[in-house]
Structures are given as structure tokens and as C-alpha cells.
Amino acid sequence: MDRTLIIFKPDCMKKKLMGSVLSRFEAEGFSVAGCKMMQLDSDLLRTHYAHIADLPFCPEIEAFMASEPVVVMILQGEDVIPKVRELLGP
């Protein structure tokens, strides 16, 4: 069984779209293995975005992600990683 991290970002939370997005994941047969609402801090964001830290837009992403509480979730299921990428798009 595969697992992947999902972050319901600040704009998703503000627009109250989390339920509809989660429904799409559940309709694909995925289950929630863990879920937590949290305020992301600079240290955690720098670790998470270390692969793009050198890019000029990274500070904007960090500021956006720290602007509001988010929900982080672990989804699990068969081929969850490629299927979630397909559902969410680029």
C-alpha cells in the first residue's frame, strides 16, 4: 500500500474546498491514514521546500504557505502517488 502527503493549502481552506477535494480522493478509493490542522512555520517550510530553495519564487511560496492554517493529510491506497498527481494536475 502506497502513501502520499497532501497539504490543503491556505487558498483551499479559505474557499472551503477541502471537503470536495477529499471527496474526489475518497471516490478514487484512497483512505486517510492521518490528518492534522497546523500552522506551518519557517523551519518546516524550508525543509519541505528545500528542493526549490534556490529559486527566486521560494520566499513567496513560504509566505503564502505560512499565511493561514493548513490541513496536512496522509492518503493511502494502491498507486496513490501517480493517481493523486493525475487528479490534481500540474
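**Notebook: sheet, helices, pocket**

Setting aside neighbours within four places in sequence, I find Glu62 in contact with Leu45 and Arg46. I am working from a predicted model throughout. I placed Glu62 in helix α4. Is Glu62 buried or exposed? I noted a relative accessibility of 14%, and the cut-off for buried is under 20%, so Glu62 counts as buried.

**Sheet**

I looked up the strand order next. The sheet is open and has three strands, in the order β1-β3-β2, with antiparallel pairing. I marked β1 (2–8) and β2 (31–38) as the edge strands, since each of them pairs on one side only. From one strand to the next, the twist averages 15°.

I then went through the two pairings. β1 and β3 run antiparallel and are joined by seven bridges. On the β1–β3 side I looked up Ile7, and its bridge partner in β3 is Val72. β2 pairs with β3, residues 70–77, in the antiparallel sense, and I recorded seven bridges there. For that pairing I noted two positions: Gly34 stands opposite Ile74 in β3, and Met38 has Val70 in β3 as its bridge partner.

How many of the eight residues of β3 are buried? I have seven, so β3 is largely enclosed by the rest of the structure.

**Helices on the sheet**

I checked which helices lie across the strands. Helix α2, residues 18–27, lies across β1, β2 and β3. I noted its direction as about 165° to β1. Helix α5, residues 80–88, lies across β1 and β3. For α5 I wrote down an angle of about 35° to β1.

**Pro69**

Pro69 is in the loop between α4 (58–65) and β3. Why does Pro69 count as partly exposed? I find its relative accessibility to be 34%, and partly exposed is the range between under 20% and over 50%, so Pro69 falls in that class.

I also listed what Pro69 touches. Leaving aside neighbours within four places in sequence, its contacts are Met13, Met37, Met38 and Gln39. Met38 thus enters my notes twice: as a contact of Pro69, and as the bridge partner of Val70 in β3. I looked up one further pair, Pro69 and Asp2, which are 67 residues apart in sequence. C-alpha to C-alpha, I have Pro69 and Asp2 at 26 Å apart in space.

**Largest pocket**

I turned to the largest pocket last and noted a volume of about 660 Å³. There are 22 lining residues, and those closest to the centre are Leu5, Ile6, Ile7, Lys9 and Leu88. Ile7 was already in my notes as the bridge partner of Val72.

Which element supplies the largest share of the lining? I found that β1 does, with five residues. At least two lining residues come from each of β1, α1 (10–14), α2 and α5. Both helices that I had entered as lying across β1, α2 and α5, are thus among the contributors. By residue class, I divided the lining of this pocket into 14 nonpolar, four polar and four charged.

Terms used: Residues numbered from 1 in each chain as written. Predicted model: local features only at pLDDT ≥ 70, side-chain atom pairs only at ≥ 80, totals over all residues. Heavy atoms only, no water. Pairing = 2+ DSSP bridges. Helix = DSSP H or I, 4+ residues; strand = E, 2+ residues; numbered from the N terminus. Axes fitted to C-alpha atoms, helices over the stretch in contact; angles between N-to-C directions. Contact = heavy atoms within 4.5 Å. Buried < 20%, exposed > 50% of the residue type's maximum accessible area, 1.4 Å probe, protein only. 1 Å grid on protein atoms, 1.4 Å probe; cavity = no way out; pocket = protein on both sides within 12 Å on 5 of 7 lines; lining within 4 Å. Points joined across faces, edges and corners; volume = space filled by probe spheres on them. Nonpolar A, V, L, I, M, F, W, Y, C, P; charged D, E, K, R; others polar.
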